[in-house]
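Colleague: I'm new to this one and would love some help in reading it. Could we go through it together?

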Amino acid sequence: WTFHLHIDKAGRFPRTDENLPRQESMVTRLHIADADRRFLLQSLRTLPCDDEVYRPVTVDLNGTVAVRAANEDQPEPTEILLRNSQREGEPTRVNMNRAYLARAIEMGFTELQISDPQAPVFCFDEKRKYLWAPLDPDSAVKPHENATRIESPVRLPGRTSPRRRRRTKPTMPQSPKQEKPDTAGNGRAATTARRTQQENTPGAL
């Protein structure tokens, strides 16, 4: 087989930087606290799901920080409340694939930036940029009064985990060392000193 391809001399690779969301377009930011990171990763696996392709969850930033999911067998949703995390900016509700959310947390990103429920969710740091497309906003799971809520434990400011004390072996009291008599020169010097003292004592023989 012979393939003839047209050479496009004027074509260039796409400039990915121009397609990334701009910082000034972000209207909502989710700051995920360190105390909620592991809790969220573990809880995402327990949320209901009947779509194994897109695995949707709804990140609801309206007053509280909630991650919500439901399926056909469970009309009342299950939601995770991140009590240590905070929203900055306008309230919003975004439907997304939970695998991408978990991936962002595993990569160490602590902030999600959102410009629109239909625009890509954006994370970045000094060396990396990570973004993913959201799902249909009309399919987002709305709040429900009978929802099953899983709340993250509140981490008080300035509170640290107690340190473990090292066990030290008890020290046994040591008996005083007995000096051995010097049988060499020091012994002869002591004998000479006693003789001199006796000679200088009145009445000494």
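Colleague: Let me begin with the pocket. By class, how many nonpolar, polar and charged residues does the lining of the largest pocket have?

Modeller: Keep in mind that this is a predicted model. To read a pocket, look at the residues around the open space and sort them by class. Here the lining has 10 nonpolar, 3 polar and 5 charged residues. The space in this largest pocket comes to about 210 Å³.

Colleague: Which residues lie nearest the centre of the largest pocket?

Modeller: Those are P56, N95, S139, A140 and V141, out of 18 lining residues. Strand 2 (56-62) and strand 3 (64-71) are the elements that each give two or more residues to the lining. Strand 2 provides the largest share, with 3 residues.

Colleague: And cavities? Which residues line the largest cavity?

Modeller: A cavity is a space from which the probe cannot get out. The structure has 1 cavity of 30 Å³ or more, and the volume of the largest is about 30 Å³. Around it sit L30, I32, L40, V59, V65, V67, L82 and L101. By class, that lining has 8 nonpolar residues, no polar and no charged ones.

Colleague: Stepping back, how many helices and strands are in the protein chain?

Modeller: The chain holds 4 helices and 10 strands. Read from the N terminus, the order is α-β-α-β-β-β-β-β-α-β-β-β-β-α.

Colleague: What percentage of the residues is buried?

Modeller: Buried means under 20% relative accessible area. In this chain, 30% of the 205 residues are buried. The chain exposes about 16,400 Å², with carbon and sulfur atoms supplying 49% of that area.

Key: Residues are numbered from 1 along each chain as its sequence is written. This is a predicted model: local features need pLDDT of at least 70, side-chain atom pairs count only at pLDDT 80 or more; totals for chains, interfaces and linings use all residues. Side-chain values use heavy atoms; hydrogens and water are left out. On a 1 Å grid over the protein atoms alone, a cavity is a set of points where a 1.4 Å probe fits but cannot get out, and a pocket is an open set with protein on both sides within 12 Å along at least five of seven lines; lining residues have an atom within 4 Å of a point. Grid points are joined across faces, edges and corners, and a volume is the space filled by probe spheres set on the points. Ala, Val, Leu, Ile, Met, Phe, Trp, Tyr, Cys and Pro count as nonpolar, Asp, Glu, Lys and Arg as charged, and the others, Gly among them, as polar. Buried means under 20% relative accessible area, exposed over 50%, partly exposed in between (1.4 Å probe, protein chains only). Accessible areas come from the Shrake-Rupley method with a 1.4 Å probe; for residues, only the protein chains shown count as cover.
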